[in-house]
Amino acid sequence: MTPPAERLELWHEWISTHSFKVRIVLAEKGLAWTPHPISLFEIEQRTPAYLAINPAGEVPTLVHRGVKLYDSSPIAEYLDEVFPEPPLMPRDPVLRLQARRWLKYHDGVAHLAVRDTSFQLLYKPKFSAMPRAELEARMARLPDEAKRKRFLEGANPQIDWDALVRSTRAAEAVADRLESALGTTGRWLAGDAFSLGDVAMASFADRVVNLGMEFLWETRPAAGDWARRLLARPGVQAACPPAGERLPAPAADTIAELRRRLG
Ligand SMILES: N[C@@H](CCC(=O)N[C@@H](CS)C(=O)NCC(=O)O)C(=O)O
């Protein structure tokens, strides 16, 4: 039996893109972990019990050897250092740099494109189905005013088409970057071996499917091929949200209308 300090305890949300990254690393390395699900819809990230674990009120948090570890990209690198097999960082320093750049790009850019498209197409139907008073009571627990305001817009079930087109254009730019990189980096994003660079961008590939936006790959065949190979990996599959945790995909006519507006 694993001694308690050696156990990997993960506070996570199934549909959180940052949590997904850590779950993939755990699965690719065949590591067992103890799940502590945090519902972001219930704003459980702001309960006193969770703030005692992660004062920033974000998921994921990994606890290992009595240490609380924060921020998904540094956590992914930590796991790769402490559990080196199979390695998820290339040996070549230039390829290592590339893998780190994808981690940074995900957290700073790709994640935002996914967040904003998801808000319009996946979260709004869920938020707007909630009684307004309940939504307000939940959002009041968020200290960040901009975030609170953004989520309260979810009370309106109508898609904000300008916002959706803008965020889909941002997703197109991410897809362009994947396409041009895959023409030069090799089979994966940082060389010929699967690495943390691919782990970083896996949530983008996964969310494209959930959003019904596979049309992004139509003119970007290398990126589409990469996304399909990535999502077929057993480690990535094991890390994916179970069906019951996913938000329903948008209707086909919503995607058709989006494509019409994208031109
Ligand atoms: N820097 C953190 C960011 C994590 C993050 O933004 N998590 C989101 C879910 S994907 C979250 O917990 N949001 C809740 C909130 O901000 O209230 C990381 O890389 O892990």
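A helix, in the sense used this morning, is a run of at least four residues that DSSP assigns as helical, and the helices are numbered from the N terminus. With that in mind, we can place one residue at once: Pro 90 sits in the loop between helix H3 and helix H4, the latter covering 93–128. I shall return to Pro 90 after an overview. Please note that the model before you is a predicted one.

Let us begin with the chain as a whole. The protein chain contains 11 helices and four strands. Along the principal axes, its C-alpha atoms fill a box of roughly 50 × 45 × 30 Å. How does the radius of gyration fit a compact globule? For 263 residues such a globule would have a radius near 18 Å, and the 19 Å of the protein chain agrees with that. Of the 263 residues, 35% are buried. If we take contacts with a separation of 6 or more, 74% of them are between residues 24 or more positions apart.

I turn now to the strands. Strand E1, residues 9–12, and strand E2, residues 34–37, run parallel and are joined by four bridges. Within this pair, Trp 11 has His 36 in E2 as its bridge partner. Together, E1, H1 and E2 make a β-α-β unit, and the unit is right-handed.

E1 also pairs with E3, in this case in the antiparallel sense, through three bridges. Here Trp 11 appears again, standing opposite Thr 61 in E3. Trp 11 thus has a partner in E2 and another in E3.

E3 in turn pairs with E4, antiparallel, over four bridges. One of the pairings is that of His 64 with Val 67 in E4. These two strands form a hairpin with two residues between them.

Which residue of that turn has a positive phi? It is Arg 65, with a value of about 55 degrees. Most residues other than glycine have a negative phi, and most peptide bonds are trans. Arg 65 is not a glycine, yet its phi is positive. Is Arg 65 buried or exposed? Arg 65 counts as exposed, because it has 12 C-beta neighbours inside 10 Å and the limit for that class is 12 or fewer.

Ile 43 offers a second case, with a positive phi near 55 degrees in a residue other than glycine. Ile 43 belongs to the loop between E2 and H2. Ile 43 is partly exposed, because 18 other C-beta atoms lie within 10 Å, and that class falls between the limits of 12 and 20.

The peptide bonds also deserve attention. Where do we find cis bonds? One runs from Val 59 to Pro 60, with omega near 5 degrees. Pro 60 lies in the loop between helix H2, residues 48–53, and strand E3, residues 61–64. Another cis bond runs from Glu 85 to Pro 86, with omega near -15 degrees. Pro 86 is placed in the loop between H3 and H4.

That loop brings us back to Pro 90, which is found there as well. Pro 90 is buried, because 21 other C-beta atoms lie within 10 Å, and 20 or more suffice. Which residues does Pro 90 touch, beyond those up to four places away in sequence? They are Leu 95, Arg 96, Ala 99, Ala 190, Gly 191, Ala 193 and Ser 195. Consider Ala 190 in particular: it is 100 residues from Pro 90 along the chain, while their C-alpha atoms are separated by 7.4 Å.

For another residue, take Leu 231, in helix H9, residues 221–232. Leu 231 counts as partly exposed, with 15 C-beta neighbours inside 10 Å. Leaving aside residues up to four places away in sequence, Leu 231 touches Ala 205, Asp 206 and Val 236. Leu 231 and Ala 155 are 76 residues apart in sequence, and their C-alpha atoms are 33 Å apart in space.

I close with the ligand. How many residues surround the ligand, and which come nearest? There are 14, of which Ser 16, His 18, Glu 58, Asp 71 and Ser 72 come nearest. By character, the shell divides into four nonpolar, seven polar and three charged residues. Helix H1, residues 17–28, and helix H3, residues 72–82, each supply at least two residues of this shell. H1 is also the helix of the β-α-β unit, and H3 leads us once more to the loop that holds Pro 90.

Technical notes:
Residues numbered from 1 in each chain as written. Predicted model: local features only at pLDDT ≥ 70, side-chain atom pairs only at ≥ 80, totals over all residues. Rg over C-alpha atoms; globule rule 2.2 N^0.38 Å. Contact = placed C-beta atoms within 7 Å. Near = placed C-beta within 6 Å. Nonpolar A, V, L, I, M, F, W, Y, C, P; charged D, E, K, R; others polar. Pairing = 2+ DSSP bridges. Right-handed = clockwise from strand over helix to strand, strands pointing away.
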